[in-house]
Structure formats: structure tokens, C-alpha cells
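Student: I should like to learn how to read a structure that is new to me. May we go through it feature by feature?
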Amino acid sequence: MRGSEVKVAFSEGEVERYARHLVLREVGGPGQQRLKAARVLIVGAGGLGSPAALYLAAAGVGRITLSDDDHVSLSNLQRQVLFATGDVGQAKTAAAAEHLTALNPHVVVEPAPAVTGSNVAGLVAGHDLVLDGTDNFETRLLVSDACLAARIPLVSGAIGRWTGQVGVFVGRPCYRCLVPEVPPDAETCVAVGVVGALAGVIGSMMALEAVKLITGAGEALGGRLLIYDGLNGESRTVRVGADPACPACAR
Ligand SMILES: [Zn+2]
């Protein structure tokens, strides 16, 4: 039954391309069809957005919107594996679209501008899932509030120095329960540095959570935060409590 569904939905090339998914009990033909039908918004084509976009394109997510206004710079290449030296100076979304469709021509990649307060609702609309890998709290809170309002699940990742975190927010608790407002002492990777491979670890975890949410496999990190300490090789998962005074999701 599952085999015949696959033959109807996918070309021979797609069946071969996605063979390792199709034999996975938790994905299979139905899961691969869900991936193909999925529309995912990735906010930020940087250290986290790079591996997340590569793995989601490779996985056969049908439509990927990439939101970013930056151009590729030489200092990006230490961790932003989506780009090559020849891309320096190019718009990130254009370079990314080229590389992602070269990886998987079955995926439609749409470039989009960076998130602002006035465009965030329109950017989020029409997507099944949002991944946020931006490096500033202003954008993270805008994206979280918009996802909450539109009832779209949010996969959020963050990295700095040797430590990263990833969480999934579906309704309450929301990201603002964790970070109510922009912290006054927020650090940036520009100032404190970040080890390149950590972006790969956390960005890939974001893609993995996205694949789980889309296919319904396993238990997504809903209401939980996975914290990875790369310097000591340790990870832990903590519950995110719903803030009774959360300005976004508390009733
Ligand atoms: Zn909240």
C-alpha cells in the first residue's frame, strides 16, 4: 500500500533520492509526501539557517522561503556552509537559492526580505512551519509573536561561543515566556565569537525537529529547550515553563 502511494506521488528519481527516508518506518511514503507538500520559512540565512536549509532541501521539503537582507561576507564562511568563496558579495538569498536548487531541483526556494515589524505577519502567513536562526532578540520576538498569532509552530535555535540551544514552540509556552523582552546585555557572535561546527550541530537539530513536526515522527521538543555545551561535550533538556505574566501568550 505504502509502495503504491509512493509510485503515484514521486518520480523514479525522487524515489531513489529519498530512498533512506522511504524505508524509515517513521517517514515512509506518507511522511515523504508531507515533506514535499510542506512550506517552511527560514528566518536568517546565516550559521543556523545554512545547515537547516541544506538539510530541509535535501529532505525534499517542497517550498522553502529564506528571509535575509545580508550579502555573503568572507567572515561568514567559517560556519555558513551554504555559501562558497565565489559567493562573497552576493545577496545571501540569491546565492542560497542557487545552491539549494542545485542540491535538489524538486525544491522551490523563494528569497524574502529580512523580518521587520511591518512585514513579519505577511512573511509568516502561508507557511506550515517557521525556523528562526537569527542573531538578535528583536527579530526573534517579532517572529515568535507572529507565529503565535498565526498558530504556526516555531523551531528556534541560538548559538554563541561553544554553547547552543534549540527549542520548539507551538502556542503556549511561547518563546516570549523564555525571553520576555530584549535583554539589555545581549551578546552577539560578532563580539564573543562562535565555533563554526556548533552552527552545524544546532542548525541540523533545527532541521531534524522540522522533519519530525512535518512528518509527525517521534516527540518534537515542544515546550522544552535542548542545551548543548560543545566545549564539555554535554547536553541537557530543560522544560520551558508557561509564564503566567507572558505579554504574548498568557490569557
Ligand atoms: Zn508566552
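Tutor: Certainly; please keep in mind that this is a predicted model. We may begin with a single residue: Glu 219 lies in the loop between helix H11 and strand S7 (224-229).

Student: Is Glu 219 buried or exposed?

Tutor: The relative accessible area decides, and exposed means over 50%. Glu 219 has 64%, and therefore counts as exposed.

Student: Which residues does Glu 219 touch, not counting those up to four places away in sequence?

Tutor: Glu 219 touches Lys 212 and Arg 224. One may also consider a distance through space: the C-alpha atoms of Glu 219 and Glu 209 are separated by 8.8 Å, and these residues are 10 apart along the chain.

Student: How should I read the strands around S7?

Tutor: One looks at the direction of each pair and at its bridges. S6 (163-169) and S7 run antiparallel and are joined by five bridges; Thr 163 has Asp 229 of S7 as its bridge partner. S5 (154-160) and S6 also pair in the antiparallel sense, over seven bridges, and here Gly 160 is partnered by Thr 163 in S6.

Student: What do S5 and S6 form, and how many residues lie between them?

Tutor: They form a hairpin with two residues between the strands. Arg 161, in the turn, has a positive phi of about 55 degrees.

Student: Why is S6 described as largely enclosed by the rest of the structure?

Tutor: Because five of its seven residues are buried.

Student: Which strands run parallel?

Tutor: Strand S2 (residues 63-67) and strand S3 (residues 108-112) run parallel, with five bridges joining them. In one of these bridges, Arg 63 is partnered by Val 108 of S3. Together with helix H6 (residues 92-103), S2 and S3 make a right-handed β-α-β unit.

Student: How should I approach the interior?

Tutor: In soluble globular proteins, nonpolar side chains tend to be buried together. In this model, the largest nonpolar core has 41 residues, of which Val 40, Ile 42, Leu 56, Val 61, Leu 66 and Leu 131 touch the most other members. Among the elements that give two or more residues to this core are strand S1 (39-43), helix H5 (49-59), strand S4 (129-132) and helix H11 (196-215). H11 gives the most, with eight residues.

Student: What is Leu 56 in contact with, leaving aside its neighbours within four places in sequence?

Tutor: Leu 56 is in contact with Val 40, Ile 42, Val 61, Ile 64, Leu 131, Ala 207, Ala 210 and Val 211. Apart from the largest core lies another, of 20 residues, including Val 124, Val 130, Leu 225 and Ile 227.

Student: Which residues coordinate the zinc ion?

Tutor: The SG atoms of Cys 174, Cys 177, Cys 246 and Cys 249 coordinate the zinc ion, at 2.3 to 2.4 Å. Along the chain these donors follow the spacing C-x2-C-x68-C-x2-C. Distant parts of the chain are linked in this way: Cys 177 is in helix H9 (residues 175-178) and Cys 249 in the segment after strand S8 (234-239), 72 residues apart.

Student: Why is the arrangement around the zinc ion called tetrahedral?

Tutor: Ideal angles for four tetrahedral donors are 109.5 degrees. Here the four donor atoms subtend angles of 94 to 127 degrees, which makes the arrangement tetrahedral.

Student: Are Cys 177 and Cys 249 buried or exposed?

Tutor: Buried means under 20% relative accessible area. Cys 177 counts as buried because its relative accessibility is 11%, and Cys 249 counts as buried at 6%.

Conventions:
Residues are numbered from 1 along each chain as its sequence is written. This is a predicted model: local features need pLDDT of at least 70, side-chain atom pairs count only at pLDDT 80 or more; totals for chains, interfaces and linings use all residues. Side-chain values use heavy atoms; hydrogens and water are left out. Two strands pair if DSSP finds at least two bridges between them. Helices (H or I, at least four residues) and strands (E, at least two) are DSSP runs, numbered from the N terminus. A crossover is right-handed if, with the strands pointing away from the viewer, the path from the first strand over the helix to the second runs clockwise. A nonpolar core is a set of buried Ala, Val, Leu, Ile, Met, Phe, Trp, Tyr and Cys residues joined through side-chain atoms within 4.5 Å. Buried means under 20% relative accessible area, exposed over 50%, partly exposed in between (1.4 Å probe, protein chains only). Contact means heavy atoms within 4.5 Å. Donors are N, O and S atoms within 2.8 Å of the metal (3.2 Å for Na, K and Ca); water is not among the atoms, so sites may look incomplete. Four donors count as tetrahedral if all angles lie between 85 and 135 degrees; four count as square planar and six as octahedral if opposite donors are over 155 degrees apart and all others between 65 and 115; anything else is irregular.
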